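Got the model open in your viewer? Let's walk through it one selection at a time.

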Amino acid sequence: MEDRPQNTDDQLIPHDMPPVPEFKPALQPSYARTLFYGPEGLRPGWGLAFYSLLFYGLQLAAVRWVGTLHWGILWSMTLEECGVLIAALAPAFLMARVEKRKFGSYGLPLNGALGKLFWTGAAWGFAAITLLMVLLYGLHAFDFGHFVLHGGRIIKFAVFWGAFFLLVGLFEEFLLRGYMQFTLTRAAGFWPAALLLSCAFGLMHLQNSGEQWPGLVAVFVIGLFFCLTLRRTGNLWFGVGFHMAWDWGETFFYSVPDSGTMFPGHLLKSSLHGSRWLTGGPVGPEGSALCFLVIAIAAVAFSRRYPEIKYRRSKGQTPSSHINHA
């Protein structure tokens, strides 16, 4: 009798095949994680909310603490500026850890601190305010006057105001064009974020007692120029240098009101006279119609000198330096 193979499952499946893998259903992310995190990490809205709350809390604490010291006006101003700068930087360091990014992604890479780009910006800033004052002088709206500081006091106050306005430049540039610009850019794009934050930059100057609407509009326009420098250089160091030198030249060297404030310890007994639209009136040269002309000239010259876009929107994005036009 003929033997026939039995029709079994073992004979239908080759013995050298690997075992069939066991598939487990993918774990669904929790609701909380979906609420706070998106494809690029922490959602921009939450990042802005956390950063703003931390900043305002630290700023309030710093201002109140300085108010208890009763120091002289200049040292109190300097200490308060240090406090608000720390209030702007500290939350960004924390958010960098949360978002798993380098702090330099927010516009202030430490390896560029006070480097070539900073000093280039300082040269541009002093040149811009000098052009504005020369135009006013040529139109008989500004007189240099005479020296009110002499000898070692010139160096003393020159250094003091340089250090003070370095703090101002770092604070204002990072607060409005650092973490917040980076995060809003993720949500809405670079220039919509720049427009919104430049409006905030202008409104910040309402706290200056002598500020008026022409000065606020000028600050808004200057803010957009600083956004342009960020977009073309990739970081804030040019803007910080420009900001510092502009304020230093306005306040100390040319000794005119800065956003409506006339500070002590200035170099000259200078004067502005003529129509408000030309001189800026109590606001100072930033309220002059010529300020818009100077910033427009600076923007055109800067765009030609720095034609490439180097600002990175977010981690993992293709560097925008490959694009040749803003």
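A contact here means heavy atoms within 4.5 Å. With that in mind, take the whole chain first: among contacts between residues at least 6 apart in sequence, 74% join residues at least 24 apart. What you have on screen is a predicted model, with twelve helices and four strands. Of its 326 residues, 45% are buried.

**Colour by confidence**

Switch the colouring to pLDDT. The average for the protein is 87, and 85% of the residues reach at least 70. Which elements sit at the two ends of the scale? Helix α1 (residues 9-12) has the lowest mean pLDDT, 46, while helix α5 (residues 116-138) has the highest, 98.

Now select residues 7-14: pLDDT stays under 50 throughout, and the model gives this stretch four contacts beyond four places in sequence. Do likewise with residues 314-326, where pLDDT is also under 50 but 23 such contacts turn up. Where pLDDT is low, the predicted coordinates should not be read in detail.

**Select α3 and α7**

Next, show helix α3 (residues 44-67) together with helix α7 (residues 179-188). Their axes lie 9 Å apart and make an angle of about 160°. Angles over 145 degrees count as roughly antiparallel, so α3 is roughly antiparallel to α7. Their crossing is left-handed.

Turn on side chains to see who meets whom. From α3 come Pro44, Gly47, Leu48, Tyr51 and Ser52; from α7, Tyr179, Met180, Thr183, Leu184, Arg186 and Ala187. By class, that contact holds seven nonpolar residues, three polar and one charged.

**Out of α3, into α4**

Move to the loop between α3 and α4 and pick His70. Most residues other than glycine have a negative phi, and most peptide bonds are trans. His70 isn't a glycine, yet its phi is positive, about 55°. Is the residue buried or exposed? His70 is exposed, at 70% relative accessibility.

Then click Ser76 in helix α4 (residues 73-99). Ser76 has a relative accessible area of 17%, so it counts as buried, the cut-off being under 20%. Leaving out residues up to four places away in sequence, Ser76 touches Val66 and Trp71.

**The end of α5 and the loop after it**

Go to Leu136, in helix α5. Its relative accessible area is 0%, so Leu136 is buried. What does Leu136 contact beyond its neighbours within four places in sequence? Show Ala141, Phe142, Leu272, Leu278, Thr279, Pro285, Ser288 and Leu290. Try a distance label on one of them: the C-alpha atoms of Leu136 and Pro285 are 8.6 Å apart, although 149 residues separate the two along the chain.

Now step to His140, in the loop between α5 and β3 (142-143). Here is another non-glycine with a positive phi, about 60°. His140 counts as exposed, with 64% relative accessibility.

**Last stop: α9 and α12**

Finally, select helix α9 (residues 213-233) and helix α12 (residues 289-305). Their axes come within 10 Å and cross at roughly 5°, so the two helices are roughly parallel to each other. On the α9 side, the residues in the contact include Val217, Val221, Phe225 and Arg232; on the α12 side, they include Cys291, Phe292, Ile295 and Phe302. The class count for this contact is 13 nonpolar, three polar and one charged.

Terms used
Residues numbered from 1 in each chain as written. Predicted model: local features only at pLDDT ≥ 70, side-chain atom pairs only at ≥ 80, totals over all residues. Heavy atoms only, no water. Axes fitted to C-alpha atoms, helices over the stretch in contact; angles between N-to-C directions. Parallel < 35°, antiparallel > 145°, perpendicular 65-115°, else oblique. Left-handed = near helix turned anticlockwise from the far one by under 90°. Nonpolar A, V, L, I, M, F, W, Y, C, P; charged D, E, K, R; others polar. pLDDT = per-residue confidence, 0-100. Buried < 20%, exposed > 50% of the residue type's maximum accessible area, 1.4 Å probe, protein only.
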